[in-house]
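Hello,

Here is the structure I promised to pass on. Please open it first, then read my notes below.

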Amino acid sequence: REWFTVRKAEVAVEAGGALRACVELAVEAREQVRGEDGELEDALITLPDHPLARYANDFTRHSELIAERRSVVFNLRELARAAALAKFLDESGCCLGEAWFHA
């Protein structure tokens, strides 16, 4: 199993007050194992030579290039940016006018 995660997220204030969210995507290789309670859990694969771990490392290393060429990864990255920006606005206590909620 592959988990797409946000390794790093930052929101910067550009000149003129515009907000810009930057995210760094990563992929984690995981396998299902039985936990102490008998339920299946996802566990990180830590063997560096495991095929899924190698795939995850390569994908993470080239995620920007992949996002440029595959729309689904591009859209996933844009969703992560939107989530980072929404979290920033929520945690900063920013008060947005009603016009922001009606398109």
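Start with helix H1. Its buried residues are Ala-53, Ala-56, Phe-59 and Thr-60. They span an arc of only 130 degrees around the axis, so they sit on the same side of H1. Pro-51 and Arg-61 are exposed on the other side of H1. Keep in mind throughout that this is a predicted model.

What lies over the buried face? The cover for the buried residues of H1 includes E1, E2, H2 and H3. H1 covers residues 51-61 and lies across E1 and E2. H1 runs at about 180 degrees to E2. Helix H3, residues 71-92, also lies across E1 and E2. H3 runs at about 110 degrees to E2.

Now the sheet. It is open, with three strands in the order E1-E2-E3, and the pairing is antiparallel. Strand E1 (2-13) and strand E3 (40-44) are at the edges. Each has a single partner strand, so one side of each has no neighbour in the sheet. From one strand to the next, the twist averages 40 degrees. Strand E2 takes in residues 19-34, and five bridges join E2 to E3 in the antiparallel sense. For one bridge, look at Val-33: its partner in E3 is Glu-41.

Next, the core. Which residues form the largest nonpolar core? There are eight: Val-27, Ala-29, Ile-45, Ala-53, Ala-56, Phe-59, Ala-67 and Val-73. Two elements, E2 and H1, give two or more residues to this core. H1 supplies the largest share, with three residues. As general background, nonpolar side chains tend to be buried together in soluble globular proteins. Ala-53 is a good place to zoom in. Beyond its neighbours within four places in sequence, Ala-53 is in contact with Ala-29, Ile-45, Leu-47 and Pro-48.

Three polar or charged residues are worth a look too.

- Glu-28 is in strand E2. Its relative accessibility is 24%, so Glu-28 counts as partly exposed. The side chain of Glu-28 makes a polar contact with the side chain of Arg-30, at 2.8 Å. Setting aside neighbours within four places in sequence, the contacts of Glu-28 are Arg-1, Glu-2, Trp-3, Thr-5, Leu-44 and Ala-56. Glu-28 and Pro-51 are 23 residues apart in sequence, and their C-alpha atoms are 12 Å apart in space.

- Ser-63 is in helix H2, which holds residues 63-69. Is Ser-63 buried or exposed? Ser-63 has a relative accessible area of 9%, and so is buried. The side chain of Ser-63 reaches the backbone oxygen of Thr-60 at 3.4 Å. Not counting residues up to four places away in sequence, Ser-63 touches Leu-25 and Val-73.

- Arg-77 belongs to helix H3. At 8% relative accessibility, Arg-77 counts as buried, because the cut-off is under 20%. Without its neighbours within four places in sequence, Arg-77 is in contact with Val-23, Leu-25, Glu-64 and Ala-67.

If you have little time, begin with the buried side of H1, where Ala-53, Ala-56, Phe-59 and Thr-60 are found. Then turn to E2, which H1 and H3 both lie across.

Best wishes

Key
Residues are numbered from 1 along each chain as its sequence is written. This is a predicted model: local features need pLDDT of at least 70, side-chain atom pairs count only at pLDDT 80 or more; totals for chains, interfaces and linings use all residues. Side-chain values use heavy atoms; hydrogens and water are left out. Two strands pair if DSSP finds at least two bridges between them. Helices (H or I, at least four residues) and strands (E, at least two) are DSSP runs, numbered from the N terminus. Axes are lines fitted to C-alpha atoms, for helices over the stretch in contact, and angles run from 0 to 180 degrees between N-to-C directions. Contact means heavy atoms within 4.5 Å. Buried means under 20% relative accessible area, exposed over 50%, partly exposed in between (1.4 Å probe, protein chains only). A polar contact is a pair of N or O atoms within 3.5 Å; within protein, one must be able to donate a hydrogen and the other to accept it, and residues adjacent in sequence count only if both atoms are side-chain atoms. A nonpolar core is a set of buried Ala, Val, Leu, Ile, Met, Phe, Trp, Tyr and Cys residues joined through side-chain atoms within 4.5 Å. The arc is that of the directions from the helix axis to the C-beta atoms.
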